[in-house]
Amino acid sequence: MTSKVYGTSDEAFNLTKTGDYDVIAASGDLTLRMIAADQAAEVNTDLVPNYDLVFDFLKDQEWNTVDGKNYGVPHGYGANLLMYNADVVDEPTSWSVVFDESDQYAGKVTAYDSPIYIADAAMYLMATQPDLGIENPYALDEDQLAAAVDLLKQQRENVGEYWSDYLKEVSAFKTGDSVVGTTWQVIANTIDKPNIKVTLPEEGVTGWNDTWMISSQSQNVNCAYAWLDHIEDPEINAQATEYFGESPNSQEACDFASEGFCETYHAGDQEFSDQIWYWRTPVAECLDGRTDVECTDYSDWTKAWTEIKG
C-alpha cells in the first residue's frame, strides 16, 4: 500500500486529479470540489458494514451527500476553537477578541492559513451585523464576501502569523509570540500548559468532518471499499482519530480510545456538534437556498485570501 500525507485541501485536490490514489481523506472544504469535478465516486454504504455505527448527525450531510447520493463515509470531526494565553488575555466569550478588538494584541494574533478561514469572519459577521443577511458562512454573495474581506484585512494588521502546520502554532504559544487565535483541541493538548486555554465562543465555531472518499479513477474499487470499512472499524477509527486529534465517529470507537479522550473531544455530543459550522466548499449555487443571487465560489475565496494576506 502506498500512502501520501498532504498539508492542505488544495494540495489534496491536486493529488486526487492524478488518479494515483484509490481513497482520499477529505475535509468539507474539499469534498464538494471533488464531487463537482467528478473526482469522487458515489459510495454504496451498504457495502461498508461499519457505517451503521457512525453517529447519525455525521451522516447524509451537505459536505458528503449530494442529491441523496453518498460520496464517502464520515471519519472524524473537530472544531476550530479559540485559544488564548490566560496570563495575557482575559477569558474571552466572543470572537471579537480576534476581530474588532484584535488591536489589543497587535502582532500576537494568529489565524488559520486557508481561504476557508473567510468563513470564520462570515460567522462572526452573521452574529454581529445581521443587516448583511448572512445565514450560512459558506454562502456569501459578493457584498457579503466583501464585508468578510474587509474584516479580515482589518485583522491582518494585528496578525503575527498565519498557520497551517499546527506545530508552528504550538511553538508560537509556547514562546508567547502568539497569545490568541483560532486553534484545534489537539494543539492545546500538545502545549499542555495551564495558562493556555481553549473556549467555544458565543457565535459558535467552524470545524471539519473528514470523509473517506473513493476516487472516480480508482482501478481497485473492491480494495477501496475494504479500506472504507476498515477505517470505520471502531478499534481502527479510535486509533486513527486519536493519532490525528479529532473526535471518533462512533460511540463504539470510544470503547477503544484512551481514558478521557472522547470526553475532551466531545465525541457523540450533538449539542456541541450543533454549534459547529462544518467546512463545506463555497459554490455559486447558494448553500443557504437563495435563488435570487449567485454566491461566490471557492475560486473567488482563493483570490480574496491572496488579497487579504497581501
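In the predicted model, a disulfide joins Cys286 to Cys295, with an S to S distance of 2.2 Å. The torsion about this S-S bond is about 105°, and the disulfide of Cys286 and Cys295 is therefore right-handed. Both of these cysteines, Cys286 and Cys295, are buried. The structure holds 2 disulfides, and the other link is formed by Cys254 and Cys262, whose sulfur atoms lie 2.1 Å apart. Here the angle about the S-S bond is -100°, and the link of Cys254 and Cys262 is left-handed. Cys254 and Cys262 are, like the other pair, both buried. When the bonded cysteines of the chain are numbered in sequence order, the pairing reads 1-2, 3-4. Cys223 has a relative accessibility of 55% and therefore counts as exposed, the threshold for that class being over 50%.

The overall form of the chain was examined next. The chain contains 12 helices and 11 strands. For 310 residues, a compact globule would be expected to have a radius of gyration near 19 Å, and the value of 19 Å computed for the chain agrees with this. The C-alpha trace spans about 55 × 50 × 35 Å along its principal axes. Of the 310 residues in the chain, 54% are buried. Contacts that link distant parts of the sequence are well represented: among those between residues at least 6 apart in sequence, 72% join residues at least 24 apart. The accessible surface of the chain amounts to about 13900 Å², and carbon and sulfur atoms account for 44% of that area. The charged side chains comprise 16 positive and 56 negative groups, and the centres of the two sets are separated by 9 Å.

Among the helices, α3 was considered in detail. Helix α3 covers residues 118–128, and 9 of its 11 residues are buried, so this helix is largely enclosed by the rest of the structure. The buried positions of α3 are Ile118, Ala119, Asp120, Ala121, Ala122, Met123, Tyr124, Leu125 and Met126. The cover over these buried residues includes two helices, α4 (142–156) and α12 (298–309), together with the strands β8 (180–183), β10 (205–214) and β11 (276–278).

Several loop residues were also characterised. The loop between α2 (28–36) and β2 (65–66) holds Asn50, and Ala37 and Asp60 are placed in this loop as well. Asn50 is buried, its relative accessible area being 16%. Leaving aside residues up to four places away in sequence, Asn50 touches Asp229, Glu232, Asp233 and Pro234. Ala37, by contrast, has a relative accessibility of 32% and so counts as partly exposed. Asp60 reaches 53% relative accessibility and therefore counts as exposed. In sequence, Ala37 and Asp103 are 66 residues apart, and their C-alpha atoms are 41 Å apart in space.

The backbone of two aspartates was of further interest. Most residues other than glycine have a negative phi. Asp60, however, has a phi near 55°, a positive value in a residue other than glycine. A positive phi, near 50°, is likewise found for Asp192. Asp192 is located in the loop between α6 (185–191) and β9 (196–199), and it is exposed, with a relative accessible area of 63%.

Glu157 belongs to the loop between α4 and β7 (159–163). The relative accessibility of Glu157 is 68%, so this residue counts as exposed. Glu157 and Asp60 are separated by 97 residues in sequence, and the C-alpha to C-alpha distance between them is 40 Å.

Methods:
Residues are numbered from 1 along each chain as its sequence is written. This is a predicted model: local features need pLDDT of at least 70, side-chain atom pairs count only at pLDDT 80 or more; totals for chains, interfaces and linings use all residues. Side-chain values use heavy atoms; hydrogens and water are left out. A disulfide is a pair of cysteine sulfur atoms within 2.5 Å. Buried means under 20% relative accessible area, exposed over 50%, partly exposed in between (1.4 Å probe, protein chains only). Helices (H or I, at least four residues) and strands (E, at least two) are DSSP runs, numbered from the N terminus. The radius of gyration is taken over C-alpha atoms; the globule rule is 2.2 Å times the number of residues to the power 0.38. Contact means heavy atoms within 4.5 Å. Accessible areas come from the Shrake-Rupley method with a 1.4 Å probe; for residues, only the protein chains shown count as cover. Lys and Arg count as positive and Asp and Glu as negative; His and the chain ends are not counted. The place of a charge is taken as NZ of Lys, CZ of Arg, CG of Asp or CD of Glu.
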